[in-house]
Amino acid sequence: MPYVEVTSSTGKTIFKYTICTPASEEANEIDKGLPTLLFIHPVSIAEHIFHAQFNDPQLRRFNLVSFDLRGGHGGTTGDRVPTHYGQAEAAEDTIKLMDALHLPPCHFVAMSSGTTIAVQVAVTEPERVLSLFLISHLCLEIPPEIAEGHQEVYDLWASAFPNESTVLIDTVYDAGFGNSQYMFTTPQLSPLVTAMIRITYPVAMVKWSYHYLDQFRVMNLDFYLNRKSHPKSALARIIGSVKLVHGSEDIAYPRSYSEEFLKHLNKAGVDASLLEVPGAPHYLSPDYATFINPVLHDFILQNDEFDLLLHAPVPSHVVSPWEDAMRQAGWESDNGSSDSSDTDNFDDIMCNHTLAEISDSNL
(Lines give C-alpha, C1' and ligand atoms only; values in the text may rest on other atoms or scores of the structure.)
Protein backbone atom coordinates (compact mmCIF):
# COMPACT_ATOMS: atom_id res chain seq x y z
CA MET A 1 0.00 0.00 0.00
CA PRO A 2 1.65 3.27 -1.08
CA TYR A 3 1.72 6.37 1.10
CA VAL A 4 2.79 9.96 0.52
CA GLU A 5 3.42 12.75 3.03
CA VAL A 6 1.66 16.07 2.52
CA THR A 7 1.81 19.25 4.58
CA SER A 8 -1.00 21.78 4.38
CA SER A 9 -2.25 24.67 6.52
CA THR A 10 -4.05 22.18 8.80
CA GLY A 11 -1.15 19.82 9.44
CA LYS A 12 0.95 16.97 8.19
CA THR A 13 -0.75 13.94 6.64
CA ILE A 14 0.49 10.59 5.39
CA PHE A 15 -2.07 9.80 2.73
CA LYS A 16 -2.83 6.22 1.76
CA TYR A 17 -3.46 6.31 -2.00
CA THR A 18 -4.02 3.99 -4.94
CA ILE A 19 -2.99 4.33 -8.58
CA CYS A 20 -4.34 1.90 -11.16
CA THR A 21 -3.28 1.86 -14.79
CA PRO A 22 -4.32 -0.51 -17.59
CA ALA A 23 -1.25 -2.60 -16.77
CA SER A 24 -1.31 -2.61 -12.97
CA GLU A 25 -3.65 -2.34 -10.00
CA GLU A 26 -0.72 -1.22 -7.83
CA ALA A 27 1.17 1.26 -9.99
CA ASN A 28 3.74 3.64 -8.55
CA GLU A 29 2.79 6.40 -10.97
CA ILE A 30 0.24 7.19 -13.63
CA ASP A 31 0.64 6.47 -17.33
CA LYS A 32 1.28 10.01 -18.54
CA GLY A 33 -0.23 9.22 -21.93
CA LEU A 34 -3.69 8.52 -20.54
CA PRO A 35 -6.49 10.59 -18.98
CA THR A 36 -6.52 10.50 -15.18
CA LEU A 37 -9.62 10.09 -13.01
CA LEU A 38 -9.33 11.19 -9.37
CA PHE A 39 -11.89 9.56 -7.07
CA ILE A 40 -12.96 11.15 -3.76
CA HIS A 41 -14.88 8.92 -1.37
CA PRO A 42 -17.56 10.02 1.12
CA VAL A 43 -16.87 10.39 4.82
CA SER A 44 -17.55 7.36 7.06
CA ILE A 45 -16.06 4.89 4.59
CA ALA A 46 -12.78 4.65 2.67
CA GLU A 47 -11.55 4.45 -0.92
CA HIS A 48 -12.68 0.83 -1.36
CA ILE A 49 -16.21 2.16 -1.90
CA PHE A 50 -15.06 2.53 -5.55
CA HIS A 51 -14.09 -1.13 -5.90
CA ALA A 52 -16.65 -1.69 -8.66
CA GLN A 53 -15.22 1.15 -10.73
CA PHE A 54 -11.59 0.08 -10.31
CA ASN A 55 -12.65 -3.46 -11.26
CA ASP A 56 -14.17 -2.38 -14.58
CA PRO A 57 -12.07 -3.15 -17.71
CA GLN A 58 -13.54 -0.21 -19.63
CA LEU A 59 -12.65 2.30 -16.91
CA ARG A 60 -9.24 0.72 -16.47
CA ARG A 61 -8.34 2.11 -19.87
CA PHE A 62 -7.70 5.29 -17.87
CA ASN A 63 -5.49 6.09 -14.90
CA LEU A 64 -7.66 5.64 -11.81
CA VAL A 65 -6.44 7.35 -8.63
CA SER A 66 -8.03 7.37 -5.18
CA PHE A 67 -7.02 8.08 -1.59
CA ASP A 68 -8.29 7.82 1.96
CA LEU A 69 -9.44 11.09 3.50
CA ARG A 70 -8.02 12.48 6.74
CA GLY A 71 -9.66 12.34 10.15
CA GLY A 72 -9.69 8.57 10.68
CA HIS A 73 -10.44 7.15 7.24
CA GLY A 74 -8.81 3.95 6.02
CA GLY A 75 -5.03 3.86 6.01
CA THR A 76 -4.38 7.60 6.08
CA THR A 77 -2.62 8.84 9.22
CA GLY A 78 -0.99 12.02 10.50
CA ASP A 79 -2.01 15.10 12.45
CA ARG A 80 -5.54 15.34 13.73
CA VAL A 81 -7.89 17.47 11.70
CA PRO A 82 -8.74 20.72 13.53
CA THR A 83 -12.28 21.52 14.62
CA HIS A 84 -12.78 23.95 11.73
CA TYR A 85 -11.80 21.37 9.07
CA GLY A 86 -14.29 21.48 6.22
CA GLN A 87 -14.63 21.55 2.45
CA ALA A 88 -12.04 24.31 1.91
CA GLU A 89 -9.42 22.57 4.04
CA ALA A 90 -10.13 19.18 2.45
CA ALA A 91 -9.81 20.75 -1.00
CA GLU A 92 -6.45 22.23 -0.02
CA ASP A 93 -5.29 18.77 1.09
CA THR A 94 -6.48 17.29 -2.20
CA ILE A 95 -4.58 19.86 -4.22
CA LYS A 96 -1.43 19.24 -2.15
CA LEU A 97 -1.86 15.52 -2.72
CA MET A 98 -2.17 16.04 -6.48
CA ASP A 99 1.11 17.94 -6.39
CA ALA A 100 2.82 15.25 -4.33
CA LEU A 101 1.72 12.55 -6.78
CA HIS A 102 2.58 14.74 -9.80
CA LEU A 103 -0.94 14.43 -11.16
CA PRO A 104 -1.97 16.46 -14.20
CA PRO A 105 -5.41 18.08 -14.43
CA CYS A 106 -7.90 15.31 -13.65
CA HIS A 107 -11.45 14.25 -14.23
CA PHE A 108 -12.92 14.22 -10.71
CA VAL A 109 -15.28 11.42 -9.69
CA ALA A 110 -16.83 11.91 -6.25
CA MET A 111 -19.73 10.62 -4.22
CA SER A 112 -21.86 12.16 -1.47
CA SER A 113 -19.71 14.33 0.85
CA GLY A 114 -16.77 13.77 -1.49
CA THR A 115 -18.58 15.94 -4.04
CA THR A 116 -18.25 19.00 -1.79
CA ILE A 117 -14.47 18.58 -1.92
CA ALA A 118 -14.41 18.06 -5.68
CA VAL A 119 -16.48 21.17 -6.38
CA GLN A 120 -14.40 23.19 -3.92
CA VAL A 121 -11.26 22.25 -5.87
CA ALA A 122 -13.02 23.19 -9.12
CA VAL A 123 -13.91 26.68 -7.92
CA THR A 124 -10.59 27.25 -6.13
CA GLU A 125 -8.17 26.05 -8.82
CA PRO A 126 -10.34 25.44 -11.91
CA GLU A 127 -7.41 24.43 -14.12
CA ARG A 128 -6.98 21.30 -11.99
CA VAL A 129 -10.40 19.89 -12.92
CA LEU A 130 -11.19 18.75 -16.45
CA SER A 131 -14.70 17.55 -15.57
CA LEU A 132 -16.85 16.64 -12.58
CA PHE A 133 -18.80 13.38 -12.26
CA LEU A 134 -20.80 13.93 -9.06
CA ILE A 135 -22.69 10.98 -7.57
CA SER A 136 -25.34 11.92 -4.99
CA HIS A 137 -23.98 15.45 -4.65
CA LEU A 138 -24.03 17.40 -1.38
CA CYS A 139 -23.17 20.77 -2.86
CA LEU A 140 -26.06 22.72 -1.37
CA GLU A 141 -26.55 23.43 2.32
CA ILE A 142 -27.93 20.54 4.34
CA PRO A 143 -31.71 20.33 4.89
CA PRO A 144 -32.64 20.55 8.61
CA GLU A 145 -34.21 17.09 8.76
CA ILE A 146 -31.08 15.48 7.33
CA ALA A 147 -28.93 17.40 9.79
CA GLU A 148 -31.02 15.92 12.60
CA GLY A 149 -30.35 12.42 11.30
CA HIS A 150 -26.59 12.94 11.24
CA GLN A 151 -26.76 14.40 14.74
CA GLU A 152 -28.58 11.30 15.98
CA VAL A 153 -25.96 8.98 14.46
CA TYR A 154 -23.17 11.03 16.03
CA ASP A 155 -24.85 11.04 19.43
CA LEU A 156 -25.29 7.26 19.33
CA TRP A 157 -21.70 6.62 18.26
CA ALA A 158 -20.27 8.96 20.89
CA SER A 159 -22.39 7.40 23.64
CA ALA A 160 -21.02 3.97 22.69
CA PHE A 161 -17.64 5.05 24.12
CA PRO A 162 -18.43 6.44 27.60
CA ASN A 163 -14.83 6.01 28.73
CA GLU A 164 -11.52 4.68 27.43
CA SER A 165 -12.13 1.12 28.59
CA THR A 166 -15.80 0.64 27.70
CA VAL A 167 -17.49 -0.03 24.36
CA LEU A 168 -21.27 -0.42 24.25
CA ILE A 169 -21.60 -2.80 21.33
CA ASP A 170 -25.39 -2.54 21.04
CA THR A 171 -25.08 1.23 20.70
CA VAL A 172 -22.42 0.83 18.02
CA TYR A 173 -24.90 -1.34 16.19
CA ASP A 174 -27.64 1.30 16.47
CA ALA A 175 -25.35 3.99 15.08
CA GLY A 176 -24.19 1.71 12.28
CA PHE A 177 -27.74 0.77 11.37
CA GLY A 178 -28.77 4.43 11.14
CA ASN A 179 -25.79 5.27 8.98
CA SER A 180 -26.43 2.23 6.76
CA GLN A 181 -29.99 3.37 6.13
CA TYR A 182 -28.68 6.76 5.03
CA MET A 183 -26.12 5.19 2.70
CA PHE A 184 -27.99 2.20 1.25
CA THR A 185 -31.69 2.78 2.14
CA THR A 186 -32.54 -0.87 2.82
CA PRO A 187 -31.21 -3.15 5.58
CA GLN A 188 -30.88 -5.92 2.96
CA LEU A 189 -27.35 -5.40 1.66
CA SER A 190 -25.58 -6.94 -1.33
CA PRO A 191 -22.54 -9.22 -0.90
CA LEU A 192 -20.28 -6.42 -2.14
CA VAL A 193 -21.65 -3.85 0.32
CA THR A 194 -21.56 -6.46 3.08
CA ALA A 195 -17.84 -6.95 2.48
CA MET A 196 -17.28 -3.20 2.50
CA ILE A 197 -19.00 -2.85 5.87
CA ARG A 198 -16.99 -5.74 7.28
CA ILE A 199 -13.80 -3.98 6.21
CA THR A 200 -14.90 -0.55 7.45
CA TYR A 201 -16.22 -1.09 10.97
CA PRO A 202 -13.19 -2.68 12.67
CA VAL A 203 -11.08 0.25 11.45
CA ALA A 204 -13.71 2.78 12.51
CA MET A 205 -13.92 1.26 15.98
CA VAL A 206 -10.23 1.97 16.48
CA LYS A 207 -9.85 5.29 14.71
CA TRP A 208 -13.07 6.78 16.12
CA SER A 209 -12.90 5.29 19.62
CA TYR A 210 -13.06 7.22 22.90
CA HIS A 211 -9.83 9.19 22.46
CA TYR A 212 -10.69 10.11 18.86
CA LEU A 213 -14.34 11.10 19.12
CA ASP A 214 -13.33 14.65 18.19
CA GLN A 215 -12.19 13.32 14.81
CA PHE A 216 -15.44 11.43 14.37
CA ARG A 217 -17.41 14.59 15.09
CA VAL A 218 -15.43 16.77 12.67
CA MET A 219 -15.60 14.32 9.77
CA ASN A 220 -18.95 12.58 10.32
CA LEU A 221 -21.07 15.44 11.66
CA ASP A 222 -19.56 18.90 11.30
CA PHE A 223 -18.37 18.21 7.75
CA TYR A 224 -22.03 17.69 6.82
CA LEU A 225 -23.54 20.45 8.92
CA ASN A 226 -21.07 23.22 8.02
CA ARG A 227 -20.93 22.76 4.28
CA LYS A 228 -21.73 25.84 2.22
CA SER A 229 -23.32 26.40 -1.16
CA HIS A 230 -21.30 28.31 -3.71
CA PRO A 231 -22.57 31.60 -5.17
CA LYS A 232 -23.06 31.99 -8.90
CA SER A 233 -19.75 33.86 -9.24
CA ALA A 234 -17.84 30.89 -7.77
CA LEU A 235 -19.63 28.24 -9.82
CA ALA A 236 -18.89 30.25 -12.95
CA ARG A 237 -15.21 29.42 -12.40
CA ILE A 238 -15.84 25.75 -13.20
CA ILE A 239 -14.25 25.02 -16.55
CA GLY A 240 -15.28 21.47 -17.43
CA SER A 241 -18.63 19.74 -17.84
CA VAL A 242 -20.55 18.42 -14.84
CA LYS A 243 -22.62 15.24 -14.67
CA LEU A 244 -24.91 14.88 -11.65
CA VAL A 245 -26.01 11.33 -10.79
CA HIS A 246 -28.97 10.78 -8.48
CA GLY A 247 -30.46 7.54 -7.15
CA SER A 248 -34.24 7.43 -7.31
CA GLU A 249 -34.40 5.60 -3.96
CA ASP A 250 -32.09 7.98 -2.09
CA ILE A 251 -33.77 8.08 1.33
CA ALA A 252 -32.18 11.40 2.32
CA TYR A 253 -32.16 13.56 -0.80
CA PRO A 254 -34.99 13.72 -3.36
CA ARG A 255 -34.46 14.37 -7.05
CA SER A 256 -35.43 18.00 -6.46
CA TYR A 257 -32.21 18.50 -4.46
CA SER A 258 -30.16 17.57 -7.53
CA GLU A 259 -32.42 19.58 -9.82
CA GLU A 260 -31.86 22.64 -7.65
CA PHE A 261 -28.08 22.34 -7.90
CA LEU A 262 -28.40 21.76 -11.65
CA LYS A 263 -30.23 25.08 -11.91
CA HIS A 264 -27.43 26.81 -9.98
CA LEU A 265 -24.83 25.36 -12.34
CA ASN A 266 -26.76 26.24 -15.48
CA LYS A 267 -27.37 29.81 -14.30
CA ALA A 268 -23.62 30.12 -13.75
CA GLY A 269 -22.99 29.07 -17.35
CA VAL A 270 -21.69 25.60 -16.51
CA ASP A 271 -22.32 22.75 -18.94
CA ALA A 272 -24.21 20.40 -16.62
CA SER A 273 -26.73 17.58 -16.84
CA LEU A 274 -28.54 15.21 -14.51
CA LEU A 275 -28.91 11.42 -14.65
CA GLU A 276 -31.31 9.52 -12.40
CA VAL A 277 -30.52 5.86 -11.65
CA PRO A 278 -33.72 3.86 -11.08
CA GLY A 279 -33.87 2.03 -7.76
CA ALA A 280 -30.52 3.32 -6.54
CA PRO A 281 -29.75 4.54 -2.99
CA HIS A 282 -27.50 7.42 -1.88
CA TYR A 283 -24.27 5.37 -2.04
CA LEU A 284 -24.90 3.88 -5.45
CA SER A 285 -21.37 3.22 -6.78
CA PRO A 286 -21.07 -0.38 -5.47
CA ASP A 287 -24.35 -1.95 -6.56
CA TYR A 288 -25.18 0.14 -9.62
CA ALA A 289 -21.82 0.00 -11.34
CA THR A 290 -23.24 -1.71 -14.41
CA PHE A 291 -25.48 1.34 -14.86
CA ILE A 292 -23.13 4.21 -14.04
CA ASN A 293 -19.76 2.88 -15.23
CA PRO A 294 -20.61 3.06 -18.96
CA VAL A 295 -22.01 6.56 -18.42
CA LEU A 296 -18.81 7.61 -16.66
CA HIS A 297 -16.67 6.05 -19.41
CA ASP A 298 -18.52 7.91 -22.16
CA PHE A 299 -18.54 11.14 -20.14
CA ILE A 300 -14.74 11.06 -19.92
CA LEU A 301 -14.42 10.44 -23.66
CA GLN A 302 -16.68 13.41 -24.33
CA ASN A 303 -14.63 15.67 -22.11
CA ASP A 304 -11.06 14.69 -22.98
CA GLU A 305 -9.08 15.27 -26.15
CA PHE A 306 -7.30 11.92 -25.86
CA ASP A 307 -8.01 9.45 -28.69
CA LEU A 308 -8.71 6.46 -26.50
CA LEU A 309 -9.78 4.15 -29.29
CA LEU A 310 -6.40 4.43 -31.00
CA HIS A 311 -4.12 4.39 -27.98
CA ALA A 312 -5.81 2.54 -25.13
CA PRO A 313 -7.44 -0.83 -25.86
CA VAL A 314 -9.60 -2.43 -23.20
CA PRO A 315 -7.40 -4.55 -20.91
CA SER A 316 -8.09 -8.27 -21.25
CA HIS A 317 -7.98 -8.78 -17.47
CA VAL A 318 -8.09 -6.38 -14.55
CA VAL A 319 -8.02 -6.86 -10.78
CA SER A 320 -9.29 -4.38 -8.24
CA PRO A 321 -6.67 -3.15 -5.75
CA TRP A 322 -9.10 -4.20 -3.00
CA GLU A 323 -9.84 -7.65 -4.44
CA ASP A 324 -8.06 -9.61 -1.71
CA ALA A 325 -9.57 -7.56 1.10
CA MET A 326 -13.06 -7.98 -0.35
CA ARG A 327 -12.68 -11.74 -0.67
CA GLN A 328 -11.32 -12.03 2.87
CA ALA A 329 -14.46 -10.19 3.96
CA GLY A 330 -16.66 -12.76 2.25
CA TRP A 331 -17.26 -11.31 -1.22
CA GLU A 332 -17.23 -14.01 -3.89
CA SER A 333 -18.60 -12.35 -7.03
CA ASP A 334 -16.58 -12.34 -10.23
CA ASN A 335 -17.49 -8.78 -11.10
CA GLY A 336 -17.89 -5.40 -9.46
CA SER A 337 -21.67 -5.32 -9.39
CA SER A 338 -23.92 -7.00 -6.88
CA ASP A 339 -26.38 -9.82 -7.23
CA SER A 340 -29.59 -8.42 -5.79
CA SER A 341 -30.93 -11.95 -5.29
CA ASP A 342 -28.24 -12.69 -2.70
CA THR A 343 -28.38 -10.19 0.16
CA ASP A 344 -27.40 -9.97 3.80
CA ASN A 345 -29.36 -8.31 6.56
CA PHE A 346 -27.54 -5.52 8.40
CA ASP A 347 -28.38 -7.20 11.70
CA ASP A 348 -26.57 -10.39 10.66
CA ILE A 349 -23.53 -8.56 9.32
CA MET A 350 -22.97 -6.55 12.47
CA CYS A 351 -23.89 -9.21 15.02
CA ASN A 352 -22.32 -12.28 13.43
CA HIS A 353 -19.15 -10.91 11.91
CA THR A 354 -18.11 -7.33 12.38
CA LEU A 355 -18.87 -6.92 16.06
CA ALA A 356 -17.13 -10.20 16.84
CA GLU A 357 -14.00 -8.77 15.24
CA ILE A 358 -14.45 -5.51 17.13
CA SER A 359 -14.74 -7.27 20.47
CA ASP A 360 -11.44 -9.05 19.85
CA SER A 361 -9.53 -5.96 18.70
CA ASN A 362 -7.30 -3.69 20.76
CA LEU A 363 -8.95 -0.30 20.99
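**Note on surface patches, a buried leucine and salt bridges**

1. Met1 is exposed, its relative accessible area being 73%, and this residue sits in the segment before β1 (3–8). The structure discussed here is a predicted model. Together with Tyr3 and Ile14, Met1 makes up a nonpolar patch on the surface, for which the accessible area of the three residues together comes to about 320 Å².

2. A patch of another kind, one of negative charge, is formed on the surface where Glu145, Glu148, Glu152 and Asp155 gather. Glu145 belongs to helix α4, which covers residues 144–159, and at 52% relative accessibility Glu145 counts as exposed, because the cut-off for that class is over 50% relative accessible area.

3. Leu284 has its place in the loop between β10 (272–277) and α10 (289–302). Is Leu284 buried or exposed? With a relative accessible area of 0%, Leu284 is buried, since that class takes in residues under 20%. If neighbours within four places in sequence are left aside, the contacts of Leu284 are Met111, Ile135, Ser136, Val245, His246, Gly247, Val277, Ala289 and Ile292. For one of these partners, Val245, the C-alpha to C-alpha distance to Leu284 is 9.2 Å, while 39 residues separate the two in sequence.

4. The salt bridges, of which the structure holds 11, include a pairing of Glu5 with Lys12, where the closest N and O atoms are 3.7 Å apart. Lys12 counts as partly exposed, at 41% relative accessibility. In another of them, the side chains of Glu29 and Lys32 meet with an N to O distance of 3.9 Å, and Glu29 and Lys32 are both exposed. A reader who works with distance cut-offs may wish to note that the 3.9 Å of the Glu29 and Lys32 pair is to be read against a limit of within 4 Å.

5. Which residue forms a salt bridge with Asp214? The partner is Arg80, and the closest N and O atoms of this pair are 2.8 Å apart. This salt bridge links distant parts of the chain, with Asp214 in helix α7 (residues 213–225) and Arg80 in the loop between β5 (77–78) and α2 (87–100), 134 residues apart. Asp214 is partly exposed, with a relative accessible area of 36%, and Arg80 likewise counts as partly exposed, at 41% relative accessibility. Elsewhere, Asp99, Glu125 and Arg128 are joined into one network by salt bridges that share partners.

Note on methods
Residues numbered from 1 in each chain as written. Predicted model: local features only at pLDDT ≥ 70, side-chain atom pairs only at ≥ 80, totals over all residues. Heavy atoms only, no water. Patch = residues over 30% accessible without salt bridge, like charges linked within 9 Å, V, L, I, M, F, W, Y side chains within 5 Å. Areas by Shrake-Rupley, 256 points an atom, 1.4 Å probe, with all protein chains shown as cover. Lys, Arg positive; Asp, Glu negative; His and termini not counted. Charge placed at Lys NZ, Arg CZ, Asp CG, Glu CD. Helix = DSSP H or I, 4+ residues; strand = E, 2+ residues; numbered from the N terminus. Buried < 20%, exposed > 50% of the residue type's maximum accessible area, 1.4 Å probe, protein only. Contact = heavy atoms within 4.5 Å.
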